[in-house]
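Q: I have a structure open and would like to go through it step by step. Can we start with the whole chain and then look at single residues?

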Amino acid sequence: MKLICLSDNPSKPCFVLFFKGVKIMLDCGLDIKQILHYIPLLVVPGFQVSKAHTWSQGGDKRNRVPDDAAQELKECGGRLLVDGNPEFSIPETGIVDLSTLDAILISSYSCMLALPYITEYTGFKGTIYMTEPTFYIGRLYMEELVKYVERNPKSSIASHWKQENIIKNLPAPLRDAVRPRQWRKLYTLHDINSSLSKVQLVGFSEKLDIFGALTVSPASSGCCIGSCNWIINSKYEKICYIAGTSTLTTHPRPMDQSPLKNADVLIVSCLTQTPLSLPDPMIGEFCLNAAVTVKNGGNVLVPCYASGVTFDLFECLSGHLDQCGLAGVPMYFLSPVSDSTLAYSNIFAEWLSAGKQSKVFLPECPFPHADLLSKGRLKNFSSIHTGLSTDFVTPCILFAGHPSLRMGDIVHFIELWGNSPSNTIIFTEPDFPHLDALAPFLPIAMRVCYCPIDTSLNFSQANKLIRDLRPLHLVVSESYIHPPVLEPLRNDLTVDFDPSPLTYKQGEILSLPVKRQYEAVEMEPELANTLEPVEVKPGTAIAMITAALVAKDNRYVLKLLPNLHDVPKKRRADGSLLWRKPYIFGTPNLQEIVDSLKQNGFTSLRVEEIDSGSIIHLVKEDSLIQIDNNSTHIICQGEEIRLRLKEVMLKCLKQL
């Protein structure tokens with residue numbers, strides 16, 4: 001059994017598991033962090049024109065970058081950025097032949113954005129398994145990403161700067177870009193539709209057969225709507241995969257721990273990206289900063305995704321504004337898929353927590369944003385060009401994408417509000433370092449607040465969960481067993497497990513310590529009727545069997561031989577037919593052997609005890625029977641005596 005890690009970011013995982021001849025991909029996350037090396041895509045013509053300028057190289061002329069590469073780079077906010085269509089860091093595709101994958105298991109919509117790269121450009125012919133909310137919300141996430149890139153395209157793709165002899169001469173952080181030559185342009189809407197046509201929807205606890213070799217089943221992970229952990233079972237082995245899990249009480253259905261217990265191997269990824277920040281205090285700080293800003297007449301800008309924690313922020317912020325007497329402050333939600341995400345959140349009631357589900361039967365909408373929409377306190381728009389200008393009131397709180405600040409409507413509002421210190425931008429998504437995201441817009445006058453909200457397992461919760469699940473072996477990212485770089489002495493911010501966990505990193509092939517010892521074999525009823533079990537000890541019976549073993553579709557079946565007359569028959573020395581070869585078993589009893597010898601005419605016996613057993617001396621026959629703990633030896637002279645002793649010993653043992 002082997003595990004290969006194809007992703008460099010443990011929060012955007014991608015693994016390939018080799019188990020019983022089956023190749024299963026676990027998630028296929030897309031690391032969007034590399035987009036921070038690019039100049040933001042224009043929303044309104046004219047942005048960045050005054051700030052971005054041609055890179056003035058300097059220094060040693062021998063290390064100067066060629067003109068064709070230098071033209072692809074711009075200085076912006078004191079940082080060197082790439083001026084071209086954004087590209088993305090996809091999972092490693094050169095280690096495994098991805099066309100031979102049998103299945104892909106998706107744990108959540110945040111871990112599937114690289115799916116079209118895997119299914120549409122590698123010859124993939126397998127099946128993708130995910131829950132219904134993951135399918136629909138994941139589709140919206142991918143469509144939003146495509147629309148952001150396609151509606152504000154760059155004229156060209158920058159590629160000359162990626163050459164190794166050029167990168168080493170570039171200033172940081174662009175010099176430290178991870179594998180830029182393997183970055184790829186974004187897929188299209190056609191690729192998304194083609195990829196998702198290979199999906200099979202599953203429900204929690206549903207058991208799925210993978211070619212008869214394995215059974216896979218999803219269990220709620222409690223992180224977001226429809227998110228799950230996967231349990232992979234053979235008849236005698238159990239592998240559990242944990243990704244994007246939360247033990248907090250939020251809007252998704254709570255985590256189901258019981259199916260994950262007592263696994264042979266537990267694979268863990270997607271632990272918190274902000275180990276020093278707890279979600280509840282961060283939500284409180286977010287609400288406080290937003291309320292103070294609008295109370296002083298300023299606007300609040302919130303870079304966000306189209307789903308997930310954004311729904312919780314609507315709920316918490318609206319309640320806090322009511323308490324502060326600011327119920328009249330409008331909230332705006334801008335996303336190309338805002339209509340769909342808000343609608344889907346209210347129709348997936350069976351995938352929500354018990355508190356949210358109960359509202360459906362009143363009947364009420366499970367999320368308060370439906371009520372906020374009906375009252376006009378929350379208004380959603382697909383872009384700044386679709387009615388926002390005619391229905392826009394300040395001060396306000398604006399939620400918009402993309403959290404990277406490299407594309408989407410948020411780019412325009414940073415330019416619009418960034419020069420006023422009364423406005424505030426609040427970062428809540430932990431996927432991007434907020435200072436790196438803001439770099440192209442510096443200097444900036446608006447207040448900057450960083451309130452990262454990550455509901456994934458922190459290290460304390462993860463260690464408790466692992467102790468409760470009691471796996472035989474644990475597999476975690478190499479980064480999870482070392483303290484954070486900024487807190488090198490905080491050993492409590494690591495995964496603690498005994499024995500030491502196995503670790504993975506990108507491109508590494510990990511041999512999992514699970515050895516297959518047994519295989520399940522079925523038996524036809526007709527064959528079972530022919531068996532004659534013999535009791536070997538109380539409660540245990542065995543039988544000899546002659547049958548044909550048929551292996552097909554990873555199932556093994558014992559069947560009657562097609563024609564028993566064709567089976568070669570064995571005969572004894574006297575010519576009589578021997579249908580079965582006898583099997584001897586049992587432990588000889590000393591007193592029973594002595595009694596049997598006397599009954600068969602061996603009268604001159606002397607028994608001697610030794611360290612390892614006993615010796616029976618047949619004085620008259622000049623023979624020895626040595627009985628040890630694990631063996632019996634007969635030393636004698638003459639064929640007649642040997643045969644007589646053989647018959648005696650066989651009577652003292654059991655036969656099949």
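What follows is a chat about the overall chain, its cores and some of its loops.

Q: What kind of model is this, and how are residues numbered?
A: This is a predicted model, in which local features need pLDDT of at least 70, side-chain atom pairs count only at pLDDT 80 or more, and totals for chains, interfaces and linings use all residues. Residues are numbered from 1 along each chain as its sequence is written, and side-chain values use heavy atoms, with hydrogens and water left out.

Q: How many helices and strands are there?
A: The chain has 16 helices and 38 strands. Both are DSSP runs numbered from the N terminus: helices are H or I with at least four residues, strands are E with at least two.

Q: What is the radius of gyration, against that of a compact globule?
A: The chain has 35 Å, while a compact globule of 656 residues would have a value near 26 Å. The radius is taken over C-alpha atoms, and the globule rule is 2.2 Å times the number of residues to the power 0.38. Along its principal axes, the C-alpha trace spans about 115 × 75 × 55 Å.

Q: How much of the chain is buried?
A: Buried residues are 49% of the 656. Buried means under 20% relative accessible area, exposed means over 50%, and partly exposed is in between (1.4 Å probe, protein chains only).

Q: And what is the accessible surface?
A: The accessible surface comes to about 30,700 Å², and 51% of that belongs to carbon and sulfur atoms. Areas come from the Shrake-Rupley method with a 1.4 Å probe; for residues, only the protein chains shown count as cover.

Q: What about charges, how many positive and negative side chains are there?
A: There are 62 positive and 69 negative side chains, and the centres of the two sets lie 2 Å apart. Lys and Arg count as positive, Asp and Glu as negative, with His and the chain ends not counted. Each charge is placed at NZ of Lys, CZ of Arg, CG of Asp or CD of Glu.

Q: Which residues touch the most other members of the largest nonpolar core?
A: Met25, Ile232, Ile397 and Phe399 do, in a core of 156 residues. Helix α3 (residues 132–150) gives the most to this core, with eight residues. Apart from it lies another core of 16 residues, among them Tyr38, Ala69, Ala177 and Trp183. A nonpolar core is a set of buried Ala, Val, Leu, Ile, Met, Phe, Trp, Tyr and Cys residues joined through side-chain atoms within 4.5 Å.

Q: Why would such side chains be found together?
A: In soluble globular proteins, nonpolar side chains tend to be buried together.

Q: Back to Ile397, what is it in contact with?
A: Beyond its neighbours within four places in sequence, Ile397 is in contact with residues including Ala290, Val294, Leu317, Pro330 and Tyr332. Contact means heavy atoms within 4.5 Å. For the chain, residues 24 or more positions apart account for 70% of the contacts with a separation of 6 or more.

Q: New topic: where are the cis peptide bonds you can point to?
A: One joins Leu442 and Pro443, with omega about 0°. Pro443 sits in the loop between α12 (434–438) and β22 (447–450). Another joins Asp498 and Pro499, with omega about 5°, and Pro499 sits in the loop between β23 (473–477) and β24 (502–504).

Q: What is phi of Asn262, and where is that residue?
A: Phi of Asn262 is near 60°, a positive value in a residue other than glycine. Asn262 is in the loop between β15 (238–242) and β16 (265–268), and Asn262 is partly exposed at 48% relative accessible area.

Q: And Asp622, where is that found?
A: Asp622 is in the loop between β35 (613–618) and β36 (623–628). Its phi is near 55°, also positive in a residue other than glycine. Why does Asp622 count as exposed? Because its relative accessibility is 55%.

Q: Last one: is Asn463 buried or exposed?
A: Asn463 is buried, with a relative accessible area of 8%. Asn463 lies in helix α13 (residues 459–469). Leaving aside neighbours within four places in sequence, Asn463 is in contact with Thr494, Val495 and Asp496.
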